[in-house]
Amino acid sequence: MSVIDTIVGLMEKSGFAGFFQDGGYLNLIMIGVSCVLMYLAIKKQFEPLLLLPIAFGMLLANLPFAGIYHSEFFSGEALKEGLDFGKILHDGGLLDILYLGVKLGIYPPLIFLGIGCMTDFGPLISNPKSFLLGAAAQLGIFGAFIGAMALGMQANEAASIGIIGGADGPTAIFVTSKLAPHLLGPIAVAAYSYMALVPVIQPPIMKLLTTKKERRVRMEQLRDVSKTEKIIFPILVTIVVSLLLPDAAVLVGMLMLGNLMRECGVVDRISKTAQNELMNIITIFLGISVGATTNGQTFLTLDTIKIILMGLAAFCIGTAGGVLFGKLMYLLTGGKVNPLIGSAGVSAVPMAARVSQKVGQEADPGNFLLMHAMGPNVSGVIGSAVAAGILINMMS
Amino acid sequence: MFLNSLSAKVGKLLVEKTLDNGYTWGDVTNVTLSGIAIVFGMLVLLVFIILVFGFIMGMVNPKNKAPKVQKAKVEKKKTVKPSVASVPTAVASDDDEVIAVIAAAVNAMYEGSGKKPIIRTIKRADRKVGRSAWGSAGVFENTRAF
């Protein structure tokens with residue numbers, strides 16, 4: 001073979017040639033999108049811990065011929081006939097293997113384990129009414145579900161889009177990987193972007209729906225919660241929720257295990273590991289594998305725009321639902337509950353609680369709502385896990 | 001009569017009209033309402049269980065509150081935590097270190113006596129009136145009783 005033949009042969013196998021193939025230009029656009037997301041993550045600090053791996057996973061998966069990720073192993077035919085694990089393990093690239101953790105529902109529960117280790121359920125135990133605020137904020141999930149159905153999406157897709165309203169990344173990924181895996185990329189990007197935008201989206205809605213007088217309400221000091229209560233709470237919740245709703249068992253169970261590990265005080269080593277090393281490892285794997293699922297064909301479609309709009313609607317409806325229920329509680333308790341803590345029922349811990357604190361302080365500088373808002377905030381985590389279980393149950 | 005038949009028609013239309021994806025509004029409301037109902041129902045149940053649970057815990061440990069208050073009062077008299085109150089001088093980066101040193105020196109003076117001092121204010125002594133601190137110390141040293 002002549003030198004020219006060799007060089008031509010090399011060029012034909014290069015990634016650049018891949019762009020000129022069928023639909024190859026979409027990969028080029030996706031590489032552009034991934035660079036924009038990386039800019040947002042690094043320069044604007046939009047949830048960088050997740051957005052950066054997602055963006056880079058997107059980049060790696062859209063490099064033609066690199067073979068790091070094969071979307072055909074996981075979609076289309078494979079979904080109908082069941083995944084061919086032998087082929088995945090044999091022919092798969094790095095991200096194919098890592099993606100199995102998402103597909104098999106391993107990563108989200110492990111992230112919940114870490115989240116449970118970092119969560120303090122004290123404010124919730126001392127004021128159980130906060131549970132209801134956590135439930136009310138999950139209205140966003142169902143609101144978005146209705147909207148997505150109205151836009152003509154299938155029920156399982158609509159449910160996956162709706163779960164964005166739960167403001168919980170791992171839950172959204174868990175539900176989507178089970179109900180609508182082909183939408184995992186756009187839904188994950190939308191979910192994490194909106195979680196980063198909580199401080200921007202929530203305050204206008206909160207101010208619109210409450211009066212200044214309501215925002216200035218100072219709440220009573222929370223009672224002390226004993227160690228025993230904090231230890232029994234996770235065990236109790238796991239048993240009750242898992243028996244009533246087995247589909248939610250894995251998420252709620254891992255969340256509560258993490259919490260138990262933290263509260264019992266005798267397993268400090270593994271509690272520390274779960275919060276730090278394990279969380280970080282799983283975040284890396286989850287991020288890049290989720291990013292890898294965004295290939296041009298499914299991402300650059302009208303569906304993605306619908307998802308982004310519906311996701312925003314879900315957030316807004318969830319916030320509004322929480323605040324309105326907070327107003328109801330304000331009326332029913334004769335002014336003892338500040339409606340602003342209702343918006344913290346979306347489970348973006350602790351961002352949403354901080355937003356409640358901030359808006360409350362704007363109305364009354366000495367008002368410390370943070371601890372009171374943590375109650376609905378953590379109950380929202382449980383609420384969104386329950387809602388996830390319900391949706392998985394109903395759709396599959 | 002007219003309203004009745006109208007609402008019946010609208011109701012029928014809403015429930016039976018199929019959407020683009022082949023589902024009816026009836027299906028959608030079905031899922032939505034049952035979903036919301038189950039989420040609320042589950043969490044209301046949890047609220048109830050926690051309230052009962054907190055109540056039981058309260059009954060089992062009623063004595064906790066009374067002795068705690070007494071203990072706090074007794075403790076206050078004997079061992080008071082040393083705390084440094086605000087320093088009314090100008091802001092300078094040295095101030096914190098100076099405060100720390102003074103606090104350490106005062107604590108060292110009281111070490112072993114069982115009492116812990118509270119530092120309320122630290123004011124810079126006015127040098128223009130009287131002698132410097134070292135000078136005063138020297139005078140005191142030389143003039144105290146044998």
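I began with Asn127(A), which I found in the loop between helix 9 (122-126) and helix 10 of chain A. Helices (H or I, at least four residues) and strands (E, at least two) are DSSP runs, numbered from the N terminus. At 14% relative accessibility, I entered Asn127(A) as buried. Buried means under 20% relative accessible area, exposed over 50%, and partly exposed in between (1.4 Å probe, protein chains only). Leaving out residues up to four places away in sequence, I noted that Asn127(A) touches Met219(A) and Leu222(A); a contact here means heavy atoms within 4.5 Å.

Ground rules for the entries. This is a predicted model, in which local features need pLDDT of at least 70 and side-chain atom pairs count only at pLDDT 80 or more, while totals for chains, interfaces and linings use all residues. Residues are numbered from 1 along each chain as its sequence is written, chains are lettered from A and ligands numbered from 1 in the order in which they are written, and side-chain values use heavy atoms, with hydrogens and water left out.

Entry: chain A as a whole. I looked up the secondary structure of chain A and got 23 helices and zero strands. The radius of gyration of chain A is 22 Å, close to the 21 Å that the globule rule gives for 396 residues, so chain A is as compact as a globular protein of that length. That radius is taken over C-alpha atoms, and the globule rule is 2.2 Å times the number of residues to the power 0.38. I put the span of the C-alpha trace along its principal axes at about 85 × 45 × 40 Å. Of the 396 residues of chain A, 57% count as buried. I then took the contacts in chain A between residues at least 6 apart in sequence; 76% of them join residues at least 24 apart. The exposed area of chain A is about 16300 Å², with 66% of it supplied by carbon and sulfur atoms. Accessible areas come from the Shrake-Rupley method with a 1.4 Å probe, and for residues only the protein chains shown count as cover.

Entry: charges of chain A. I located the mean positions of the 25 positive and 24 negative charges, and they are 14 Å apart. Lys and Arg count as positive and Asp and Glu as negative, with His and the chain ends not counted. The place of a charge is NZ of Lys, CZ of Arg, CG of Asp or CD of Glu.

Entry: aromatic pairs. I found nine of them over all chains. The rings of Tyr69(A) and Phe74(A) have centres 5.8 Å apart and planes at 10°, so I logged this pair as stacked. Rings of Phe, Tyr and Trp (its six-membered ring) pair if their centres lie within 6.5 Å; planes under 30 degrees apart count as stacked, over 60 as edge-to-face and the rest as tilted. Tyr69(A) is buried at 12% relative accessible area, and Phe74(A) is buried at 4%. I also looked at Phe131(A) and Phe233(A), a tilted pair with 6.5 Å from centre to centre and 35° between the planes. This pair links distant parts of the chain, with Phe131(A) in helix 10 (residues 130-136) and Phe233(A) in helix 17 (residues 227-244), 102 residues apart. I marked both Phe131(A) and Phe233(A) as buried. Going back to the stacked pair, I noted that Tyr69(A), Phe74(A) and Tyr99(A) form one aromatic cluster.

Entry: backbone. Most residues other than glycine have a negative phi, and most peptide bonds are trans. I listed Phe65(A) for its positive phi, near 65°. Phe65(A) sits in the loop between helix 4 (48-61) and helix 5 (77-81) and is partly exposed at 46% relative accessibility. I listed Ala167(A) too, with a positive phi of about 55°. Ala167(A) lies in the loop between helix 12 (155-162) and helix 13 and is buried, with a relative accessible area of 2%. I found a cis peptide bond between Val349(A) and Pro350(A), with omega about -15°. Pro350(A) is in the loop between helix 21 (302-332) and helix 22 (351-363).

Entry: Lys178(A). I placed Lys178(A) in helix 13 (residues 169-179) and entered it as partly exposed at 42% relative accessibility. The C-alpha atoms of Lys178(A) and Ser396(A) are 8.6 Å apart, with their positions 218 residues apart along the chain.

Entry: chain B. I counted five helices and zero strands in chain B. Buried residues make up 17% of its 146 residues. Chain B exposes about 12200 Å², and carbon and sulfur atoms supply 64% of that area.
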